[in-house]
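Okay, thanks everyone, let me put this one up on the screen. Have a look around while I talk.

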Amino acid sequence: MQFDTYTYALFLPIVFFVYWGLRRHLKCQNLFLLVASYVFYGWWDWRMLSLILLTTLSTWFTALMMKGGRCRSDKWWAAANIVLNMGILGVFKYLNFLRDSFVHLLGLFGLSPDWPTLNILLPVGISFYTFQAISYTVDVYRGEVKATRDVVAFSVFISFFPQLVAGPIERAINLLPQFQRKKEFDYDTAVTGMRQILWGLAKKVIIADSVGFYVDKLFANPYSYSATGMIWAGLLFAVQIYADFSGYSDIAIGSARLLNIRLQPNFRYPFFSRNMKELWQRWHISLMTWFRHYVYFPLGGSRRGKWRTAVNTMIVFALSGLWHGADWTFVIWGTVNGLLLLPFIFMPRRRFSEHASWRELPQCLLTFFLFAMVFIAFRAKGITHLGQICDVIAHGAWLVLPAFGEAIWYVVPFFVIEWLGRKQEFPLARLPFPTVVRWIIYWGLLIGISLASLDRDAQFIYFQF
């Protein structure tokens, strides 16, 4: 079930009213949320429910078997559960990638084995809920979280429908306690949630899907366009994936707010960052937080000197690239981003204000341009396709006006709105206008969403991860 469908527009109000109708009965409320989450996830393919059920029950049982004191038996239980979950993820997401890479390696030595490619369907959201389950196992092992015996509350923690498919990836210390205590309906929180859902839908449908139309045309055949055109394609794709993914996050967080459940923010206006280090502190925050806690810190973090910090940073970003997709282009994307962060490890730290000013806008634009150029590797469909794009940029003709320059009419207004609202959690959070003007804006966005969605049916980009 997608957020930008009439099905979800019917599903969410039903969940809202039944959920609050059960507010006096916490166990019934959680059981209903669990059923609703499984219906939401099973809407794509009910057969995949068995995987999330296996992940849930194995992780819950493993935590109960551990004592939370880092003893030897705990280590074996934690390792077994992590291997199980990573094994499931590896089979469904990386098996064919490993097979193709090994066949290519043998080809370098003149060998050409005829191994079949398995037609394995990638379950939606498996990377997200697998990482969430692993974080719980590790936190219980470290003694940071106490294992819960409430299997229903834990199952909701793993499968909570707003953030199940594409995050934010939540830690048990933040989300699980919210399913273990009674909640009261809060009108202001619900209203804020509705505004955030509206803004998320606007970003997805009006901006991401519209810009994505031009991105698909430009990337389909790089040699049909100029060097300027492919650079323009990279800039547009950065806008598309940000509007698409942050739009999903806004809808997820807003939907949870309707149930008075707080999810962590996943984006904080990353394109108004003054350097690459700041940008990665504002982009896909929940994933980078996960890697920091469960990869970077265990490797030693920044406690073992600058060169070791550099190595740890490269490992994290290479793994982050591989997490995003089973292709060497993602590894390249992650590795290059890691390389761009290395200078900040050896340079003196510079303090910035929380929000960029007008005088710092050139730095923001330069950082955005650099980020977008690296993101071309993310969008490329394989090494060959990436090579074609780089060849066009390096040797293609340079034109003043790129193809599909009319997409600027989507990009500029979007950047202006984000810039004006950058000091708020999202631009619609607090509008400094009279009630009539605010409602005109709300209805204008609703009409724009309806019109933009008439001839498009695009999935959220991060569903493929």
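I'll go through two helix pairs and then one residue in a loop. Keep in mind that this is a predicted model.

So, the first pair: helix H2, residues 26-42, and helix H3, residues 49-65. Their axes are 10 Å apart, and the packing angle comes out at about 135°. Since the cut-off for roughly antiparallel is over 145 degrees, H2 counts as oblique to H3. Who's touching whom? On the H2 side you've got Tyr-38, Tyr-41 and Gly-42, and H3 brings Leu-49, Ile-52, Leu-53 and Thr-56. Sort that contact by class and you get 5 nonpolar residues, 2 polar and no charged ones.

Second pair: H9, residues 187-220, against H17, residues 408-420. Again the axes sit 10 Å apart, but here the angle is about 150°, so these two helices are roughly antiparallel. The crossing of H9 past H17 is left-handed. From H9, we have Trp-199, Lys-203, Ile-206, Ile-207, Ser-210, Val-211 and Tyr-214 meeting Tyr-410, Phe-414, Ile-417 and Glu-418 of H17. By class, that's 8 nonpolar, 1 polar and 2 charged.

Last stop, Asn-266, in the loop that runs between H10 (227-258) and H11 (276-282). Buried or exposed, would you guess? Its relative accessible area is 1%, so Asn-266 is buried. And what does its side chain make a polar contact with? That's the side chain of Ser-286, at 2.8 Å. Leaving aside residues up to four places away in sequence, Asn-266 also touches others, including Pro-168, Phe-245, Arg-282 and Trp-283.

That's my tour, over to you.

Notes:
Residues numbered from 1 in each chain as written. Predicted model: local features only at pLDDT ≥ 70, side-chain atom pairs only at ≥ 80, totals over all residues. Heavy atoms only, no water. Axes fitted to C-alpha atoms, helices over the stretch in contact; angles between N-to-C directions. Helix = DSSP H or I, 4+ residues; strand = E, 2+ residues; numbered from the N terminus. Parallel < 35°, antiparallel > 145°, perpendicular 65-115°, else oblique. Contact = heavy atoms within 4.5 Å. Nonpolar A, V, L, I, M, F, W, Y, C, P; charged D, E, K, R; others polar. Left-handed = near helix turned anticlockwise from the far one by under 90°. Buried < 20%, exposed > 50% of the residue type's maximum accessible area, 1.4 Å probe, protein only. Polar contact = N/O pair within 3.5 Å; in protein donor to acceptor, adjacent residues only side chain to side chain.
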